Amino acid sequence: MIALFDIGNTRIKWARLAHNKTQHPESAGLLDVGAENHAGHTLDEMAALYWSGWSQPEQILVSTVATGDHWRQWQGWCRRYWQRTPVRVISTAEGFGIRNAYAQAEELGSDRWTAMVGAHHLLHSETCIIDAGTAMTVDFLNAAGQHLGGYIIPGLELMQRSLVQGTGAIQLSSGLFFTETGLGEGMDINVAPGISTTECIEHGLMMAATSLIEESCKKMEIRTGKPFCRLLTGGHAGLLASSLGAGPGARVQLEPHLVLFGLARMAANNYPLTSTI
């Protein structure tokens, strides 16, 4: 068994990969898939809740934004709990059927690299990959697996918090409506001009996020002459997918476990068992 972990800024997602690693990950390879916010839990608490029933993994493969002490804590916990050193995914110039557009390949976040691996093996077509988490990343991948570049902006909740905290006169009538787990109670996906401060912020942030996706896709489609599927993952993926899917001819697909699928593909292709990072 191989343990797979996607450690983001606010959430950890996990799965076990069955011994038959040759299976296509979306069909039968992933078991015990789960997710949880990690801010309020220690690793020991999360293990007791979610992983205590797992057998000792042969390998622990991790995509993470954690650095420094956070990563060392994770390494120490895995060694203590499972007697295994976790292997951290590092972006490379080429691998698993895709090629990195970055001149310095390792500067591309491992979550973006792993999501592209998952996307390529799920779709094998021109794809705009949107990870709507704490930050919102947009990456373009062609059918041949060439990364065409991307964009990074603050995520919906981060934009909202920055606006409220940076402008003391703005008050929201019902608290934060974009939360790390999705959509606030009673909110819809309307992006018409708002008629209250809360609506103006709510609709404006949605317009900013969806406009980046749609305008960048249009430019890429003009540049390549080919249509791009919008493949969304991350905490606000469902909300953005609903909004993007409202337009005529939109090609939108939602995949909440995209990074885990990428990790499964890497494991199935014998990702190195050791890491010095």
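Begin by selecting Asp69, Arg72, Gln73 and Arg80, which are exposed on one side of helix 3, the side away from its buried residues; here exposed means over 50% relative accessible area, buried means under 20%, and partly exposed lies in between, with a 1.4 Å probe and protein chains only. The model in your viewer is predicted, so local features need pLDDT of at least 70 and side-chain atom pairs count only at pLDDT 80 or more, while totals for chains, interfaces and linings use all residues. Residues are numbered from 1 along each chain as its sequence is written, and side-chain values use heavy atoms, with hydrogens and water left out.

**Helix 3 and its coverings**

Now widen the selection to residues 68–82, the whole of helix 3, which has 15 residues and reaches 21 Å from its first C-alpha to its last, close to the 21 Å expected at 1.5 Å a residue. The expected span is 1.5 Å times one less than the number of residues, and helices (H or I, at least four residues) and strands (E, at least two) are DSSP runs numbered from the N terminus.

Which residues of helix 3 are buried? Select Trp71, Trp74, Gln75, Trp77, Cys78 and Trp82 to see them. Looking down the axis of helix 3, you find these buried residues within an arc of 165°, so they line one face of the helix; the arc is that of the directions from the helix axis to the C-beta atoms. An α-helix has 3.6 residues a turn, so residues three or four places apart point the same way.

Add strand 1 (2–7), strand 2 (11–17), helix 2 (43–51), strand 4 (59–64) and strand 5 (87–88), which are included in what covers the buried residues of helix 3; contact here means heavy atoms within 4.5 Å. Just after helix 3 comes Gln83, whose phi is positive, near 55°.

**Helix 2**

Move to helix 2 and select Met46, Ala47 and Trp51, its buried residues. These three cover an arc of only 105° around the axis, which puts them on the same side of helix 2. On the face turned away from that buried side, helix 2 carries the exposed residues Ala48 and Leu49. The cover over the buried residues of helix 2 includes strand 1, strand 2, strand 3 and helix 3.

**Two residues with positive phi**

Most residues other than glycine have a negative phi. Select Asp32, which is not a glycine and yet has a positive phi of about 55°; Asp32 has its place in strand 3 (residues 30–37), and it counts as partly exposed because its relative accessibility is 40%. Then select Phe96, another residue that is not a glycine and has a positive phi of about 55°, in the loop between strand 6 (94–95) and strand 7 (98–99).

**Two helix crossings**

Show helix 4 (residues 110–123) together with helix 8 (residues 258–268), whose axes come within 7 Å and cross at roughly 80°. Axes are lines fitted to C-alpha atoms, for helices over the stretch in contact, and angles run from 0 to 180 degrees between N-to-C directions. Helix 4 and helix 8 are therefore roughly perpendicular to each other, a term for angles of 65 to 115 degrees, whereas angles under 35 count as roughly parallel, over 145 as roughly antiparallel and the rest as oblique. Among the residues that meet here are Trp113, Ala115 and His121 in helix 4 and Phe261, Leu263 and Met266 in helix 8.

Next show helix 6 (residues 197–224) and helix 7 (residues 237–244), whose axes come within 10 Å and cross at roughly 70°, which makes helix 6 roughly perpendicular to helix 7. The contact is made by Met206, Ala209, Thr210, Ile213 and Glu214 of helix 6 and by Leu239, Leu240, Ser243 and Leu244 of helix 7.

**Leu231**

Is Leu231, your next selection, buried or exposed? Leu231 is buried, with a relative accessible area of 0%, and is found in strand 13 (residues 229–233). The C-alpha atoms of Leu231 and Cys128 are separated by 6.0 Å, although these residues are 103 residues apart along the chain. Leaving aside neighbours within four places in sequence, Leu231 is in contact with residues including Ala119, Leu123, Cys128, Ile130 and Leu258.

**The whole chain**

Finally, zoom out to the protein chain, whose secondary structure comes to eight helices and 14 strands. Of its 277 residues, 45% count as buried.
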